[in-house]
Amino acid sequence: MIYDFLKTFAEGINIPSLIFESFWAVLMFAFLAAFMIIVVLFLVLFERKLLAAFTVRKGPNRVGLNGIFQTIADAIKLLIKEDISAYNTDKILFTLAPLIFFMPVMILFGLMPYTNLLYAVNIPLGVVAVMAVTAFSSLGLILAGWASNNKYSLLGGARAVIQSVSYEIPLVLSILSICVLAGSLNLKEIILAQSGGLFHWYVIPNILGFVIFYISTLAELNRNPFDLPEAENELIGGYNTEYSGMKFAMFFLAEYAQLFILSLLGVLLFCGGFQSPFGIYFGVGFFIQLEQLFWLFAKTFCLIFLAIWIRATLPRIRSDRLSVFCWKYVLPLALLNLLFISIYKFIMGG
Amino acid sequence: MTKTEMLKLNIGPQHPATHGVLRLLVELEGEIIKSCEPIIGYLHRGMEKIAENRSYIQYLPMVDRVDYLSGFFNSFGYCTAIEELLDIEPTQKANYIRIIMMEFNRITSHLMWLGSMLLDLGATSPLFYAFRERESILELFEEYCGQRMMFNAFTFGGVKFDLTKNWLNKAEKLIEKMPKYFDEYEAIITKNPIFMDRTLRIGIIKKEVALDYSITGANARASGIDLDFRINNKKSIYSEFKFNIPIKIEGDCYARYLVRFAEMRESLEIIKQAIEKYKQVKNEPIVNKKFNSVFLKIPNEQTTTYTEAPRGLYMCQVIADGTNKPYRIKHRTGSFSSIQLLQELVVGNTLANLMPIIGSLDFVLPEADR
């Protein structure tokens, strides 16, 4: 509606359609990013509350009604903190690293379709773009580890490299198996190919791919049991040991944004994205959009719940086992899965 | 030509995994530890020297602070030493109360170890579960003597407070609930593949090495040394109790975990028996008052007592010189030996393996530094 209105307005004052389209994409992206950051702020609270419930505590319950504004209070506290950097840090890289970590995650928000109308851009090779941008963020961790001039940070950065290089490959392979099933590299087409309810979702034939995808995302996100780069009992804080204030807030926020966006990606690829699990929508018109948004968030939060559950249950994996687990088990399984899915697709008549 | 250099990493004294203020000077090649030098002394309070300037009864509240996690054992060791010097026997009732308190204290200490070891391995939940149960025991302590950690409840010749009926009921209820909680921990920890992977065949202490470093307590029993000063002690007050001493021969972190876990269950058994025996004792004083403890003068003698504390042998040597102050008091604790073992144990392991090793050795720094 707004799009049509603005378009007629732009045509009225003779703005070329290319400029208008790019302007519209930027506007949508800014809107979505701002919206998602708020969602992520509440995601932090969600995690803290859930962890508290798992460990028989109450969790944050002082700021606002039952603690709903706790993260906002934390964010304000971090913003007004003094910007400290340790002795002999590489000033430019030290400042740049959180930005480099933060930026790709924000770009990812612009690449995702949230409902069939709500998206910033819908590029034909969406999956490739998503994979490329995801891989980019580990550069921020390496830079942070290097620039901090701290041995713990350096070790954390080195572990981050090992981890992201190892688990990038099974992640890509599991996404590829979805592309084979859908016959497309466009995220929206992949979602629409899964329409028709629960049994048309790709998680059904590709359950192994989903498990591999989930393990690899946990590793990419540096979450339990793969939280080696920031293992606080070994490396204090890992790559973010020396960071405080605003820069730390960026790392922190980007981490949760990444958790959110990769869970969202999992939903888009494996669980039918914004589609209803019943195959039909109950609303009409504008309400279909809201319903789609609801299903998307419900599924995403289910995946996030799973990640938090895992965090509350498992200890950390051993650092040398991490690579062994990837190269000996996950990667061959991912390759086999790709082969199996290709045969399945061939038999089912692709 | 590129020049390679070892990475010298200074772990501690302020580090989340060193259980206090231990400092480890570690040389790393990649993530492999090439050498490790434990440096202690950041919590040195000069307790043994302070003792020389205090009368015997004045030092009694301080001795609880040797190891803040097992205060009852320290004051038990000190009290029995003074009792031996004075040649008096505590009453039977006092002995039972002491045993009940000490075994509860052993459970709290082991629960603390359990939580912090799992936290070192990156699992956060067991810490909270362990603290929940520890809290209920600490509440019992609080009701008994008004203190949660620094009890100051034992005295020369007995104990200061008697148990009430209400307290006994609460304790019995807790003992009934405890095994269920232990089963819960075991369900999420013992067979967890990641936990087993991180502790099995890691940090093996051979029997000879353990003997060389004079390792005692659960660490020694996990290496196949059958040594428990509750039994291997002539003057033990445990002689009339039936309990097992869990022993493993593997000597790795997992064996130490299993031994400590089994010890908690055995402690519950002992408490159960002690409460039964306590109830049968009729009308006995809780303290054997044959002397004035405030103006206590001990003749020129010396003695040593051996107590099985949660972290190994706690030895208390008291040398008296006829005045109202001790000439010398020496504490020997299990943590000190365990920390010295680190320099041999961690070499060749990865940095990640340092954590289960530190965790499973279960030392606390105030006990080593005193």
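Me: What covers the buried residues of α5(B)?
Reply: In this predicted model, the cover includes α2 (17-54) and α12 (286-313) of chain A, together with α4 (92-120) and α6 (165-189) of chain B. The buried residues themselves are Ser125(B), Pro126(B), Tyr129(B), Ala130(B), Glu133(B), Arg134(B), Phe141(B) and Tyr144(B). A residue is called buried if 20 or more other C-beta atoms lie within 10 Å of its own C-beta atom.

Me: How do you know that the length of helix α5 of chain B agrees with what its residue count leads one to expect?
Reply: The helix runs over residues 125-145, which is 21 residues. The expected span is 1.5 Å times one less than the number of residues, and for α5(B) this gives 30 Å. The end C-alpha atoms are 30 Å apart, so the two values agree.

Me: Which residue follows α5(B), and what is the sign of its phi?
Reply: Gly146(B) follows α5(B), and its phi is positive, near 85°.

Me: How many residues does each chain give to the contact between chain A and chain B?
Reply: Chain B gives 26 residues and chain A gives 23 residues. On the side of chain B, at least two residues each come from β1 (7-11), α4, α5, α7 (193-199) and α12 (351-361). The largest share, four residues, is supplied by α7(B). Sorted by class, the side of chain B that touches chain A has 15 nonpolar, six polar and five charged residues.

Me: What makes α12(B) a mostly covered helix?
Reply: Eleven of the eleven residues of α12(B) are buried. Among them are Leu351(B), Asn353(B), Met355(B), Pro356(B), Gly359(B) and Leu361(B). Just after α12(B) comes Asp362(B), which has a positive phi of about 55°.

Me: Why are α2(B) and α3(B) called parallel, antiparallel, perpendicular or oblique to each other?
Reply: Helix α2 (residues 56-63) and helix α3 (residues 71-86) of chain B pack at an angle of about 160°, and their axes are 9 Å apart. Angles over 145 degrees count as roughly antiparallel, and therefore α2(B) and α3(B) receive that description. The crossing of α2(B) past α3(B) is right-handed. On α2(B) the contact is made by Tyr56(B), Leu60(B) and Val63(B), and on α3(B) by Asn74(B), Ser75(B), Tyr78(B) and Ile82(B). By class, these residues are five nonpolar, two polar and no charged.

Me: Why is Thr80(B) classed as buried or exposed?
Reply: Thr80(B), which lies in helix α3 of chain B, has 22 other C-beta atoms within 10 Å. The class of buried residues begins at 20, so Thr80(B) is buried.

Me: What is the relation of α7(A) to α9(A), and how do you know?
Reply: Helix α7 (residues 151-182) and helix α9 (residues 207-220) of chain A pack at about 150°, with axes 8 Å apart. Because angles over 145 degrees count as roughly antiparallel, α7(A) is roughly antiparallel to α9(A). The crossing is left-handed. The residues in contact include Tyr167(A), Leu171(A) and Ile178(A) of α7(A), and Ile212(A), Phe213(A) and Glu220(A) of α9(A). By class, this contact has eight nonpolar, seven polar and one charged.

Me: What term describes α3(A) relative to α11(A), and why?
Reply: The axes of α3(A) and helix α11 (residues 245-270) of chain A come within 7 Å and cross at roughly 140°. Roughly perpendicular covers 65 to 115 degrees, and roughly antiparallel needs an angle over 145. The crossing fits neither class, so α3(A) is oblique to α11(A). In this contact Ala75(A), Leu78(A) and Leu79(A) of α3(A) meet Gly245(A), Met246(A), Phe248(A) and Ala249(A) of α11(A). The classes are six nonpolar, one polar and no charged residues.

Me: How do you know whether Val56(A) is buried or exposed?
Reply: Val56(A) has 11 other C-beta atoms within 10 Å. A residue counts as exposed at 12 or fewer, so Val56(A) is exposed. Val56(A) lies in the loop between α2 and α3 (70-79) of chain A. Phi of Val56(A) is positive, about 45°, although the residue is not a glycine.

Me: What class of exposure does Arg201(B) have, and why?
Reply: Arg201(B) has 13 C-beta neighbours inside 10 Å. Exposed residues have 12 or fewer, and buried ones have 20 or more, so Arg201(B) counts as partly exposed. Arg201(B) lies in the loop between α7 and α8 (207-212) of chain B, and its phi is positive, near 55°.

Note on methods. Residues numbered from 1 in each chain as written. Chains lettered and ligands numbered in written order. Predicted model: local features only at pLDDT ≥ 70, side-chain atom pairs only at ≥ 80, totals over all residues. Axes fitted to C-alpha atoms, helices over the stretch in contact; angles between N-to-C directions. Parallel < 35°, antiparallel > 145°, perpendicular 65-115°, else oblique. Left-handed = near helix turned anticlockwise from the far one by under 90°. Contact = placed C-beta atoms within 7 Å. Nonpolar A, V, L, I, M, F, W, Y, C, P; charged D, E, K, R; others polar.
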